[in-house]
Amino acid sequence: MNVLGADLQPEQFAVDPAGQSWVVWTRDSEIAQVLLRKRSANGGWTSLIPMSEEGEHSHSPELLHHGGSIWVTYTIDDGEGFGIAVRSGDGPVPWPMRSVIHTIYTREIAPEPRLHLINEELVVVWSETRYSLGYSVYDPESAS
């Protein structure tokens, strides 16, 4: 049974220390949207939690549990370039404002950001071009 909906397939999932499952995916439509859903340890699902902003064509999400929160990164496609976004939270909508931590001003390739935990620091890594990677050590205090 697909609890996300017939047109939705999870791209990433994580389980937090409380036993809650989190899934993130892209709803492929005219304006693609990154969505999140949480399943509690007792089996109940939340409603859909939008990660991307309304009207923002977004894709390639990834999530990671760290510091009591779920962290989501994804790509924003504005038609001219790409933004790398990070959003975090643990409760109902609305989640705090998302941060665009980097902008790529070329359409050579679509970046697919990935989250890593290195020495208790959140690191976002993406493809900048076919031959180079970009990264950011994300600081939750400054949201950058």
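1. Let's start with Glu 53, which is partly exposed in this predicted model, with a relative accessible area of 26%. Its salt-bridge partner is Arg 87, and the closest N and O atoms of the two are 2.8 Å apart. Arg 87, by contrast, counts as buried, at 6% relative accessibility. Glu 53 sits in the loop between β4 (49-50) and β5, while Arg 87 belongs to strand β7, so this pair ties together parts of the chain that are 34 residues apart in sequence.

2. How many salt bridges does the structure hold? There are five. Besides the pair above, have a look at the network that links Glu 62, Glu 112 and Arg 114. Glu 62 meets Arg 114 at 3.5 Å, N to O, and this contact joins strand β5 to strand β9 across 52 residues of sequence. Arg 114 also forms a salt bridge with Glu 112, with the closest N and O atoms 3.4 Å apart.

3. Are the members of that network buried or exposed? Glu 62 counts as buried, at 10% relative accessibility. Arg 114 is partly exposed at 28%, and Glu 112 is also partly exposed, at 45%.

4. Now to the sheet. Four strands form an open sheet in the order β5-β6-β7-β8, and their pairing is antiparallel. At its edges are β5 (58-66) and β8 (99-104), each of which pairs on one side only. From one strand to the next, the twist averages 20°. As a reminder, strands of a sheet pair through backbone hydrogen bonds, either parallel or antiparallel.

5. Within this sheet, β6 (residues 69-77) and β7 (residues 82-89) are joined in the antiparallel sense over eight bridges. If you want a spot to find this pairing on screen, try Ile 76, which stands opposite Gly 83 in β7.

6. Which residues touch the most other members of the largest nonpolar core? They are Leu 36, Met 51, Leu 63, Val 72, Tyr 74 and Trp 95, out of 14 residues in that core. Strands β2 (21-27), β3 (33-39) and β6 each supply at least two residues, and β6 gives the most, with four. A second, separate core has twelve residues, including Leu 64, Trp 71, Leu 115 and Tyr 138.

7. Leu 36 is a good place to zoom in on the largest core. Leaving aside residues up to four places away in sequence, Leu 36 touches, among others, Trp 22, Val 24, Ile 49, Met 51, Leu 63, Val 72 and Trp 95. Ser 47 is also one of its contacts.

8. Two backbone angles are worth a glance. Most residues other than glycine have a negative phi. Ser 60, in strand β5, has a positive phi near 60°. Glu 120, likewise not a glycine, has a positive phi of about 65°. Glu 120 is found in the loop between β9 (114-118) and β10 (121-129). Their surroundings contrast: Ser 60 counts as buried at 12% relative accessibility, whereas Glu 120 is exposed, with a relative accessible area of 59%.

9. Finally, a word on confidence. The chain averages a pLDDT of 86, and 89% of the residues score at least 70. Confidence is lowest in strand β1 (residues 12-15), at a mean of 84, and highest in β8, at 94. Where pLDDT is low, the predicted coordinates should not be read in detail.

Definitions and conventions:
Residues are numbered from 1 along each chain as its sequence is written. This is a predicted model: local features need pLDDT of at least 70, side-chain atom pairs count only at pLDDT 80 or more; totals for chains, interfaces and linings use all residues. Side-chain values use heavy atoms; hydrogens and water are left out. Two strands pair if DSSP finds at least two bridges between them. Axes are lines fitted to C-alpha atoms, for helices over the stretch in contact, and angles run from 0 to 180 degrees between N-to-C directions. pLDDT is the predictor's confidence in each residue, from 0 to 100. A nonpolar core is a set of buried Ala, Val, Leu, Ile, Met, Phe, Trp, Tyr and Cys residues joined through side-chain atoms within 4.5 Å. Buried means under 20% relative accessible area, exposed over 50%, partly exposed in between (1.4 Å probe, protein chains only). Contact means heavy atoms within 4.5 Å. A salt bridge is a side-chain nitrogen of Lys or Arg within 4 Å of a carboxyl oxygen of Asp or Glu.
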